[in-house]
Amino acid sequence: MSHRDVVFPAGRQALYERNRYSPAIRSNGFLFVSGQVGSREDGSPEPDFETQVRRAFDNLNAVLAAAGCTFDDVIDVTVFLVDPETTFEKAWAIVPEYWGQAPHPTLTGIGVTWLYGFQFEIKVIAKLPAGR
């Protein structure tokens, strides 16, 4: 097996080590980012849904920045929502704050019943800038 080129955002490596996964892996010009949730610094869920969504995007942006990327480099997005019938519109009201102008990345939205105490999760694939 080849060596994984793991990307860790500043100050959160212990959280990823405790949960036994890599926040992101660089491979063949792409960055594959694990699902990011709206966790506080200690890893606990942010209780307010809208704040949880913003924290998830902020956590995602920290991983992207650690790899030298921005959300503009994202080409594919998967979001997971608990109870999407009541949470989707609330989450989608926040998304433009992070996505900016069109064209936007591709998107798959999935309704789930459990996210380890969270209500929203986002994972992405980004194209690494040249030379990364």
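Let me begin with strand E4, which is joined to strand E6, residues 120-127, by 7 bridges, with the two strands running antiparallel. I should say at once that what we are looking at is a predicted model. E4 also pairs with E5, again over 7 bridges, but there the sense is parallel. Phe80 shows both pairings, since its bridge partner in E6 is Glu121, while in E5 its bridge partner is Ile110. As for covering, E4 is mostly covered, with 7 of its 9 residues buried.

Moving on from the strand, Asp83 sits in the loop between E4, residues 74-82, and helix H3, residues 84-94. Asp83 is not a glycine, and yet its phi is positive, at about 55 degrees. Is Asp83 buried or exposed? Neither word quite fits, because its relative accessible area of 38% makes Asp83 partly exposed.

A second residue with this kind of backbone angle is Asn28, which is likewise not a glycine and has a positive phi near 50 degrees. Asn28 is found in the loop between strand E2, residues 24-27, and strand E3, residues 30-37. Asn28 counts as exposed because its relative accessibility is 74%, and the cut-off for that word is over 50%.

The last backbone feature I would like to point out is a cis peptide bond, which runs from Ala102 to Pro103 and has an omega near 5 degrees. Where does Pro103 lie? You will find Pro103 in the loop between helix H4, residues 96-99, and strand E5, residues 106-112, and E5 brings us back to the start, being the strand that pairs with E4 in the parallel sense.

Terms used
Residues are numbered from 1 along each chain as its sequence is written. This is a predicted model: local features need pLDDT of at least 70, side-chain atom pairs count only at pLDDT 80 or more; totals for chains, interfaces and linings use all residues. Side-chain values use heavy atoms; hydrogens and water are left out. Helices (H or I, at least four residues) and strands (E, at least two) are DSSP runs, numbered from the N terminus. Buried means under 20% relative accessible area, exposed over 50%, partly exposed in between (1.4 Å probe, protein chains only). Two strands pair if DSSP finds at least two bridges between them.
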